[in-house]
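Reader: Please take one part of this structure, look at it closely, and then follow the thread outward to the other places where the packing and the charged side chains can be described. I would like the reasoning to be set out wherever a term depends on a cut-off.

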Amino acid sequence: PKFGQDSPRGQQSSHTTVGKERTAGAQAMGVSETVDPSAAEDAIANLDAWIVELASHSPSAPVVDMVEKLEVLAALTASRQIRDADFSAAFPALLVCLLTRAWSADFESQPLRLTYLLFTGMLHLPELDVDAVVGAIGHEFLTALFERITSERPAGRLPRGFGEQATVDGGGGSGGGMGAEGAAGAGVGVALTATDEFSWLRTILHWLYRSAPLLRPPLRARIGLSLVRAASVAVPPPGTPLLLEVLMPIMAGFSQPPREAHAALLLEVLLPLHRPAGKVEGHGPCLGAYHQQLVQCEVSQLRAQPELLEHTLRELVRMWPVEREGNSGKEVLLLHELETLIAAAPPTPALARVCARVLAPVVLLSLQSDNSRVAERALMLFHCSPFVELLLATPRASYPPLVHA
């Protein structure tokens, strides 16, 4: 600011930088930088009134110009012009109320998308009172958030096929999601897609866990309960990968030494997620929708508690699909998982002898499988040095049947 006052050239440079930041923010969100000046001025001057009006929308009493107002607010947030507003003490609560209303009133695709753009964009502004936002989030908001994540087929979301789950954020699961600057191509006038919504939901859940320490215990409880319910159905809800992605950094931050609750998370929450045996047409076993995130969570816990490897392998073997199920895709996934877990947490010689006896039946069965993919994946296990060393712990018991197979 001092340089800008002393030099007109410096002042011009400062204004140019701010302009470039606003333009870049709008382009990153895929929204138009051009906003009607009178509408923008009205929105900035009467921000609370606009949010209150939008939050009053319902199918029986719709707000006539709802989409237009949301477009203005989303564009102002993306371009950072919204920072010119005088945020009242009530604004954080109104913002939370708007998103809760969007879920409960089941906003249509485009208004819901614009609400996400506004809410997640506001979370990244330094002017927003984070403590006030956290204080406004209560049971109603959390319930609506998790219902949205775990619902079967909400409008505009993924079908039961999980088709887009693997590329929600284009890579990197732990801290990702769509923020104000990371939603390239998320245009204001475009209908909401499942990929967008899962990204925004994950961003909100990550932000909430990071910003609200007091809410972490209930958030962990809700995540665990949602995953337990997912393991009890033939095809888990599409939000299962999202919950596991949020759980990964949580588990990475577990305190040492591990507590009993940490082992219970692995044994009672994560391992049962292998149980669903449903298939998704065109996408193979439903386990494939969240298998990568699930294995990463298991690896994190086994590195902290390698003594749980035997119990983990026993549970995997117990849930191995039988040949008559015709679920060769799940067999391939489980073989890959065996290799990953053994490589990540190599057992001690004493534990290796026990693990070898546990794994021998399924490895023999896979080597003799009529399905070429299963047999080939079983043979690939012998490229894994920790797996071979595990078999060497019991050579007399392991080698003869393996050679015969």
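**A close look, starting from one loop**

Author: Arg-80 is buried, because its relative accessible area is 11%, and burial here means a value under 20%. The model is a predicted one, and every value below is computed from it. Arg-80 belongs to the loop that runs between helix H5, residues 66-78, and helix H6. Its backbone deserves attention as well, since phi of Arg-80 is near 70 degrees, which is a positive value in a residue other than glycine.

The helix that precedes this loop can be taken next. Ala-74 is found in H5, and with a relative accessibility of 3% Ala-74 counts as buried. In space, Ala-74 and Leu-117 are 5.8 Å apart from C-alpha to C-alpha, although 43 residues separate the two in sequence.

On the other side of H5 there is another loop, the one between H4 and H5, and Ser-58 has its place there. Ser-58 is buried too, its relative accessible area being 10%. The C-alpha atom of Ser-58 is separated by 8.5 Å from that of Asp-106, a residue 48 positions away along the chain.

How are H4 and H6 arranged relative to each other? Helix H4 comprises residues 47-55 and helix H6 residues 91-104, and the two pack at an angle of about 25 degrees with their axes 9 Å apart. H4 and H6 are therefore roughly parallel to each other, because the term applies to angles under 35 degrees. The crossing that H4 and H6 make is left-handed. In addition to this helix packing, there is a charged cluster to consider, in which Glu-53, Asp-65 and Lys-69 are linked in a network of salt bridges.

A further contact between separated stretches of the chain involves Phe-91 and Val-133, whose C-alpha atoms are 8.6 Å apart while the residues themselves are 42 positions apart along the chain. Val-133 has its place in helix H8, which covers residues 130-136, and its relative accessibility of 0% makes Val-133 a buried residue.

The charged side chains can now be followed further along the chain. The structure holds 8 salt bridges. Among them is the one that Arg-202 forms with Glu-245, where the closest N and O atoms are 3.1 Å apart. Arg-202 lies in helix H10, residues 194-211, whereas Glu-245 lies in helix H12, residues 240-252, so the pair ties together parts that are 43 residues apart in sequence. Are the two partners buried or exposed? Arg-202 is buried, with a relative accessible area of 0%, and Glu-245 likewise counts as buried, at 7% relative accessibility.

Helix H15, residues 309-318, offers salt bridges within a single helix, and the pair Glu-310 and Arg-314 is one of them, with its members 4 residues apart and thus separated by about one helical turn. The side chains of Glu-310 and Arg-314 meet at 3.0 Å, N to O. Both residues fall in the intermediate class of accessibility, for Glu-310 is partly exposed with a relative accessible area of 24%, and Arg-314 is partly exposed with 42%. A second pair, Glu-315 and Arg-318, also lies in H15, its members being 3 residues apart, about one turn of the helix. In that salt bridge the N to O distance is 2.7 Å. Here the partners fall on opposite sides of the scale, because Glu-315 counts as buried at 17% relative accessibility, whereas Arg-318, at 55%, counts as exposed.

The last site is on the surface, and its side chains are nonpolar. Leu-392, Tyr-399 and Val-403 make a nonpolar surface patch of about 310 Å². Leu-392 is found in helix H19, which covers residues 385-392. With a relative accessible area of 47%, Leu-392 is partly exposed, and because a residue needs over 30% to be part of such a patch, that value is consistent with the place of Leu-392 in it.

To return to the starting point, Arg-80 combines burial, at 11% relative accessible area, with a positive phi near 70 degrees, and its loop leads from H5 to H6, the latter being the helix that packs roughly parallel to H4.

Methods:
Residues are numbered from 1 along each chain as its sequence is written. This is a predicted model: local features need pLDDT of at least 70, side-chain atom pairs count only at pLDDT 80 or more; totals for chains, interfaces and linings use all residues. Side-chain values use heavy atoms; hydrogens and water are left out. Patches are made of residues with over 30% relative accessible area and no salt bridge: like charges are joined within 9 Å, nonpolar side chains (Val, Leu, Ile, Met, Phe, Trp, Tyr) within 5 Å. Accessible areas come from the Shrake-Rupley method with a 1.4 Å probe; for residues, only the protein chains shown count as cover. A salt bridge is a side-chain nitrogen of Lys or Arg within 4 Å of a carboxyl oxygen of Asp or Glu. Buried means under 20% relative accessible area, exposed over 50%, partly exposed in between (1.4 Å probe, protein chains only). Axes are lines fitted to C-alpha atoms, for helices over the stretch in contact, and angles run from 0 to 180 degrees between N-to-C directions. Angles under 35 degrees count as roughly parallel, over 145 as roughly antiparallel, 65 to 115 as roughly perpendicular and the rest as oblique. A crossing is left-handed if the near helix is turned anticlockwise from the far one by less than a right angle, and right-handed if clockwise.
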